[in-house]
Amino acid sequence: MPNKSKSQPRKIDFRIAVIEETADNIYSIKFVLQSLGYDVLSLSAASRYLQPLRQFSPQLVIVDMMIPGDGGYRVIEELRSHVSRKLPVLAITAAAMKGGEEEVLEAGASDTLAKPYAVAELQKKLKKLER
């Protein structure tokens with residue numbers, strides 16, 4: 001009788017880079033995205049992330065706007081200047097930034113998602129930005 005193990009997630013031919021600072025946040029979002037079948041590269045904004053990002057050639061980038069200082073804004077600016085103006089960027093914001101969503105979009109993000117978020121909400125945003 002064949003061994004019935006848990007099935008692997010359906011592999012999606014879509015690459016997502018995550019730029020985040022907190023190890024727990026990197027682990028959790030990477031786990032969720034990989035569970036959904038995405039190919040994921042996680043990077044720290046504190047390191048030199050542009051070269052590995054170009055090599056990975058993501059189709060979407062997720063940026064945590066709460067990177068210390070103006071980190072999230074700086075990352076989006078660098079992505080727009082040095083990678084692509086057309087690359088979709090999903091900005092993860094704190095719920096406390098509710099009024100700041102417009103500012104984040106003006107800075108170059110394609111869409112925003114407030115923490116804490118449900119996986120279904122993340123999936124909805126990803127589907128929208130995959131087009």
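**View 1. The whole chain, with 40% of its 131 residues counted as buried.** This is a predicted model, and the chain in it has 5 helices and 5 strands. Walk along the sequence and you meet them in the pattern β-α-β-α-β-α-β-α-β-α. How much of the contact between residues at least 6 apart in sequence joins residues at least 24 apart? The share is 63%. As for confidence, the mean pLDDT of the chain is 86, and 88% of its residues reach 70 or more. Residues 1-5 are a part to treat with care: the pLDDT there is below 50, and the stretch has 0 contacts in the model beyond near neighbours in sequence.

**View 2. The open sheet, with its 5 strands in the order β2-β1-β3-β4-β5.** The pairing here is parallel. Which strands sit at the edges? They are β2 (39-43) and β5 (111-115), each of which pairs on one side only. From one strand to its neighbour there is an average turn of 20°, ignoring direction.

**View 3. Strand β3 and its two partners, β1 and β4.** β1 (residues 15-19) pairs with β3 (residues 60-64) in the parallel sense over 4 bridges. Zoom in on that pairing and you find Ala-17 opposite Val-61, while Val-18 has Ile-62 as its bridge partner. β3 also pairs with β4, again in the parallel sense and over 4 bridges. There, Ile-62 stands opposite Leu-90.

Is β3 buried or exposed? It is mostly covered, with 5 of its 5 residues buried. In a regular strand, side chains alternate between the two faces of the sheet. For β3, both faces are covered: Leu-60, Ile-62 and Asp-64 are buried on one side, and Val-61 and Val-63 are buried on the other.

**View 4. Helices α3 and α5 against the strands.** α3 (residues 71-82) lies across β1, β3 and β4 (89-94). Its direction makes about 155° with that of β3. α5 (residues 119-130) packs on the sheet too, touching β1, β3, β4 and β5. What angle does α5 make with β5? Their directions are about 170° apart.

**View 5. Helix α1 and its buried side.** Start with the helix as a whole: at 1.5 Å a residue, the 13 residues of α1 (residues 23-35) should span 18 Å, and the end C-alpha atoms are indeed 18 Å apart. Now look for Ile-26, Ile-29 and Leu-33, which are buried. These residues sit on the same side of α1 because they cover an arc of only 85° around the axis. What do the buried residues of α1 pack against? Their neighbours are β1, β2, β3 and α5. Turn to the face pointing away from the buried side and you find Ala-23, Asp-24 and Tyr-27, which are exposed. Just after the helix comes Gly-37, with a positive phi of about 105°.

**View 6. Helix α5 up close, from its buried residues to its exposed ones.** The length checks out here as well: 12 residues at 1.5 Å each should span 16 Å, and the end C-alpha atoms of α5 are 16 Å apart. Leu-122, Lys-125, Leu-126 and Leu-129 are buried. Seen down the helix axis, the buried residues of α5 fall within an arc of 100°, so they line one face. What covers them includes β1, α1, β3, β4 and β5. Over on the other side, Ala-120 and Lys-124 are exposed.

**View 7. Gly-100 and Thr-112, 12 residues apart in sequence.** Look for Gly-100 in the loop between β4 and α4 (101-106). Why does Gly-100 count as buried? Its relative accessibility is 16%, and buried means under 20%. Thr-112 is found in strand β5 and is buried as well, with a relative accessible area of 6%. The C-alpha atoms of Gly-100 and Thr-112 are 10.0 Å apart in space.

What does Thr-112 touch, leaving out residues up to four places away in sequence? Its contacts are Leu-90, Ala-91, Thr-93, Glu-101, Val-104, Leu-105 and Lys-125. You have met two of these residues already: Leu-90 stands opposite Ile-62, and Lys-125 is one of the buried residues of α5.

Notes:
Residues are numbered from 1 along each chain as its sequence is written. This is a predicted model: local features need pLDDT of at least 70, side-chain atom pairs count only at pLDDT 80 or more; totals for chains, interfaces and linings use all residues. Side-chain values use heavy atoms; hydrogens and water are left out. Two strands pair if DSSP finds at least two bridges between them. Helices (H or I, at least four residues) and strands (E, at least two) are DSSP runs, numbered from the N terminus. Axes are lines fitted to C-alpha atoms, for helices over the stretch in contact, and angles run from 0 to 180 degrees between N-to-C directions. Contact means heavy atoms within 4.5 Å. The expected span of a helix is 1.5 Å times one less than its number of residues. Buried means under 20% relative accessible area, exposed over 50%, partly exposed in between (1.4 Å probe, protein chains only). The arc is that of the directions from the helix axis to the C-beta atoms. pLDDT is the predictor's confidence in each residue, from 0 to 100.
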